[in-house]
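Reader: I am new to this structure and would like a close look at a single part of it. Please take one strand and its neighbours, and then place them in the rest of the protein.

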Amino acid sequence: MTALAHAALEHLTELLGARCLTDQDSAQRYGVDWTKVWAPAPSAVLLPETIDEVQQIVEIANEHGLHLVPSGGRTGLSAGAVAASGELVVAFDRMNKVLDFNAYDRSVTVQPGVITQQLQEYAEQQGLFYPVDFASAGSSQIGGNINTNAGGIKVIRYGMTRDWITGLKVVTGKGELLELNKGLIKNATGYDFRHLFIGSEGTLGFVVEATVKLARQPRNLTALVLGVPGFQEVMKVLHAFQSELDLTAFEFFSDKAMAHVLAHGVSRPFDTDCPFYCLLEFEQVSEQTADQAMAVFERCVEQGWVLDGVMSQSLQQLDQLWQLRERISESIAPHTPYKNDISVTIDKVPEFVEAVDKVVQDAYPDFEIVWFGHIGDGNMHLNILKPEALPKEDFFEKCNNVSKWVFEIVQRYNGSISAEHGVGMTKKPYLGYSRSPEEIAYMKAVKQVFDPNNVMNPGKLFDL
């Protein structure tokens with residue numbers, strides 16, 4: 001460690017006391033996310049409790065030429081929160097309070113370390129609803145959700161995290177505090193910097209407070225799980241139900257995904273084996289809504305688009321049907337999956353999936369491909385399972401080839417190499433498949449404005 005770094009750590013220890021951690025256990029705990037490619041190697045872990053402390057941390061980093069990596073719930077899949085090169089980790093676990101609730105605006109102001117599920121439960125206590133939801137809601141933090149513009153299972157109805165943030169306080173790479181949009185619904189006063197920081201992966205500054213709007217609670221949520229013969233039929237089913245109902249979710253998964261979930265102890269929804277399955281959810285606000293849903297279901301069966309199906313009749317059955325989708329990731333985890341989070345416009349999904357399947361199967365016919373995702377918003381999760389006899393090193397080397405092929409197809413279909421989890425380090429080499437050289441140049445120029453010394457999460461998203 002350099003003399004400058006030693007001096008910085010002395011300043012930080014004076015500022016934070018025991019909340020400046022340099023032990024190996026803390027480095028391993030806070031310097032990572034769910035990716036396993038890079039080993040954590042931070043110089044220290046910092047646990048601020050106030051905005052003023054965050055500002056001072058940034059000022060010290062600028063003064064001593066150090067780098068900062070934000071750490072939230074550490075559930076990301078792009079290595080955006082990995083500190084692999086001696087950076088200082090700034091973990092927001094201590095900034096975890098709900099600060100204010102506004103009943104008239106139906107909004108809540110929170111610190112960045114508030115857990116997503118904590119916010120959902122707080123909203124429920126107020127008789128309201130925070131709709132951004134995903135498998136990691138029990139451990140992900142709001143600040144991390146904002147940094148990656150997290151989506152999840154309700155995007156078809158409620159949108160992304162971006163759509164629910166009405167105000168932000170951020171500390172820039174210069175250590176300046178900006179208060180952005182101040183919770184306003186309408187604000188036509190020039191550039192909305194709030195949206196620059198949402199999805200910026202901590203490369204411009206740190207989110208230190210957020211004002212989040214809430215919705216009314218959904219009524220009598222009901223789910224249908226449908227078995228379909230092919231991907232074209234999936235799209236026809238989506239269109240048929242969207243024409244009649246306001247869906248809160250429309251998920252899909254393959255027969256291979258179903259097989260892994262059933263082997264993991266989840267109950268089979270019906271006896272018919274099908275190539276693909278859809279799970280759709282809607283509010284059953286009246287008997288008429290249920291009748292509409294059944295009428296669409298029967299029409300889909302008559303057309304041959306649906307082979308079998310079941311509809312939940314209680315909250316318990318609703319939860320059981322959702323288990324078919326939500327437990328896919330844990331059921332395939334023992335098979336060391338290569339995972340990719342990609343998106344195209346909804347109309348291109350069938351031919352896109354077919355193109356990816358072909359290129360992978362032609363090159364590696366022994367690889368098992370498991371598809372699932374949020375078909376209602378064009379976001380698919382590609383999972384390739386490691387053959388049991390193939391060493392991990394060989395598998396991931398082959399998967400590097402897969403990434404390039406998949407992203408070439410993404411580029412051909414004008415899609416995104418990262419629909420939900422950000423770019424981080426994992427997808428940084430492939431950013432050009434989704435963004436033009438001119439766009440990337442503007443991104444770099446924006447970073448120079450807010451973070452001229454490249455203090456904030458350097459090496460993520462792009463290199464300067």
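Author: What follows looks at strand S10 and its neighbours, and then at their surroundings.

The model is a predicted one. Strand S10 covers residues 205-213. Of its 9 residues, 8 are buried, so S10 is largely enclosed by the rest of the structure.

Which strands pair with S10? One of them is strand S8, residues 165-172, which pairs with S10 in the antiparallel sense over 7 bridges. Within this pairing, Val171 has Phe206 of S10 as its bridge partner. Strand S6, residues 107-110, also pairs with S10 in the antiparallel sense, over 4 bridges. Here Ser107 stands opposite Lys213 of S10, and Val108 stands opposite Val212 of S10.

S6 has its own pattern of side chains. Ser107 and Thr109 point one way from the strand, while Val108 and Val110 point the other way. All four of these residues are buried.

S6 also pairs with strand S5, residues 98-102, through 4 bridges, and the two run antiparallel. In that pairing Phe101 has Val108 as its bridge partner. Val108 therefore has a partner in S5, namely Phe101, as well as Val212 opposite it in S10. S5 and S6 form a hairpin with 4 residues between them. Arg106, in the turn, has a positive phi of about 50°.

Where does Val108 belong in the nonpolar packing? The largest nonpolar core has 54 residues, and those with the most contacts inside it are Val237, Phe241, Phe250, Phe352, Leu382 and Ile384. A second, separate core of 28 residues includes Val108, along with Phe129, Ala150 and Ala215.

Next comes the annotated region. An unreviewed UniProt entry places the feature "domain: FAD-binding PCMH-type" at residues 38-217. Over residues 38-217 the chain is 22% helix and 25% strand, and the end C-alpha atoms are 41 Å apart.

Helix H3, residues 51-64, has 14 residues. At 1.5 Å a residue it should span 20 Å, and its end C-alpha atoms are 20 Å apart, which agrees. Buried residues in H3 include Ile51, Val54, Ile57, Val58 and Ala61. Glu53, Gln55 and His64 are also buried. After H3 comes Gly65, whose phi is positive, near 70°.

There is also an open sheet of 4 strands in the order S1-S2-S4-S3, with mixed pairing. Its edge strands are S1 (20-21) and S3 (68-71), each of which pairs on one side only. S1 is joined by 2 bridges to strand S2, residues 44-46, and these two run antiparallel. Leu21 has Val45 in S2 as its bridge partner.

Finally, the protein as a whole. It has 15 helices and 18 strands. Of its 464 residues, 54% count as buried. With 464 residues, a compact globule would have a radius of gyration near 23 Å; the protein has 23 Å, which agrees. Along its principal axes the C-alpha trace spans about 75 × 55 × 40 Å. Among contacts between residues at least 6 apart in sequence, 73% join residues at least 24 apart.

Note on methods
Residues are numbered from 1 along each chain as its sequence is written. This is a predicted model: local features need pLDDT of at least 70, side-chain atom pairs count only at pLDDT 80 or more; totals for chains, interfaces and linings use all residues. Side-chain values use heavy atoms; hydrogens and water are left out. UniProt positions are given in the numbering used here, feature names are shortened, and annotations may be inferred rather than shown by experiment. The expected span of a helix is 1.5 Å times one less than its number of residues. Buried means under 20% relative accessible area, exposed over 50%, partly exposed in between (1.4 Å probe, protein chains only). A nonpolar core is a set of buried Ala, Val, Leu, Ile, Met, Phe, Trp, Tyr and Cys residues joined through side-chain atoms within 4.5 Å. The radius of gyration is taken over C-alpha atoms; the globule rule is 2.2 Å times the number of residues to the power 0.38. Contact means heavy atoms within 4.5 Å.
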